[in-house]
Amino acid sequence: MCEILGISFKNPIRPVLSMTAVSKKGHRNPDGWGVGFYPDKSAQIIKEPIEAGVSRLSAFMRDYPGLVSNIFVTHVRKSSVGAISHKNTHPFSRELFGKDFVFAHNGDLKSFNDLDTGRFTPVGETDSEHSFCHILNLIETRGVRNWKEEDFNWISERLSEINKLGKFNTIFSDGEFLFCYNDVNDFKDYCHVKRSPPHELITLSDDDFEIILALEDDKEQTGYIVATNPMTDEYWESYMPGEFIVYKDGEIVFRNNPKKRT
């Protein structure tokens with residue numbers, strides 16, 4: 001099961017996104033689904049607190065012409081903290097410094113209420129949204145309006161500190177960058193695959209998603225697909241424990257020095 005899917009491409013794409021595959025292969029993540037993307041500078045969030053496979057809205061998404069962006073954050077939920085409700089369904093979104101941030105998380109955190117959220121008050125009860133508000137508070141306090149390498153190093157260390165509270169795979173975006181942090185204890189490791197020309201029709205699928213990417217006509221299109229499990233038979237590079245990777249316009253722009261596998 002994928003659970004989290006992230007996409008970063010050089011140019012906007014319109015994927016054919018189906019989340020009904022889960023209804024055919026089981027009910028592993030029945031408590032909600034959501035998609036965050038950027039039609040322009042602002043983010044659009046489409047989500048429901050029900051199983052994707054029985055959702056009429058998720059079926060509509062398959063042919064929705066407005067599903068165009070070069071960044072996507074997609075999540076399916078099996079609740080661990082917080083009720084099954086819209087307010088607790090991922091992705092979450094908040095504005096900071098004139099940018100819409102979109103956030104999703106897998107795992108569970110202990111004592112998460114001790115994390116300082118500043119002026120960013122969670123709407124729901126989840127550890128995920130609380131940690132998101134904490135991250136935004138950290139970014140605002142530091143005053144990061146234009147990300148530089150030292151800022152990537154800094155946020156990587158802050159994410160590692162949050163990880164000490166439990167299991168923490170997270171993905172978030174500000175509409176320019178896609179930030180992906182992999183849990184230090186090998187909890188549902190991320191992996192990614194790069195797409196470069198010449199392209200073929202790409203179909204990615206697992207228990208949670210089926211995605212068709214038609215990139216054949218764009219000779220300059222490059223990008224990365226990030227997931228919690230490989231979605232094709234080809235080689236997907238696994239993240240290292242505690243690894244933090246930042247993507248922009250379909251390229252890796254930052255990668256920390258994580259704990260190496262033994």
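## A linked set of charges

Which residues are linked with Lys-99 in a network of salt bridges? They are Asp-174, Glu-176 and Lys-248. The model is predicted. A search of the whole structure finds 15 salt bridges.

## Lys-99 and Asp-174

Lys-99 and Asp-174 join side chain to side chain in a salt bridge, at 3.7 Å from N to O. This contact ties together distant parts of the chain, with the two positions 75 residues apart in numbering. Lys-99 sits in strand β7, residues 99-106. Asp-174 lies in the loop between β8 (169-173) and β9 (177-181).

Both partners are buried: Asp-174 and Lys-99. Lys-99 counts as buried because its relative accessibility is 17%, and the cut-off for buried is under 20%.

## Lys-99 and Glu-176

Lys-99 also forms a salt bridge with Glu-176, again 3.7 Å from N to O. This pair, too, links distant parts of the chain, 77 residues apart. Strand β7 supplies Lys-99, and the loop between β8 and β9 supplies Glu-176.

Is Glu-176 buried or exposed? Neither label fits: Glu-176 counts as partly exposed, because its relative accessibility is 30%. That value falls between the 20% and 50% cut-offs.

## Lys-110 and Asp-108

Another salt bridge joins Lys-110 to Asp-108. Their closest N and O atoms are 3.8 Å apart. Lys-110 has 55% relative accessibility, so Lys-110 counts as exposed. The cut-off for exposed is over 50%.

Technical notes:
Residues are numbered from 1 along each chain as its sequence is written. This is a predicted model: local features need pLDDT of at least 70, side-chain atom pairs count only at pLDDT 80 or more; totals for chains, interfaces and linings use all residues. Side-chain values use heavy atoms; hydrogens and water are left out. A salt bridge is a side-chain nitrogen of Lys or Arg within 4 Å of a carboxyl oxygen of Asp or Glu. Helices (H or I, at least four residues) and strands (E, at least two) are DSSP runs, numbered from the N terminus. Buried means under 20% relative accessible area, exposed over 50%, partly exposed in between (1.4 Å probe, protein chains only).
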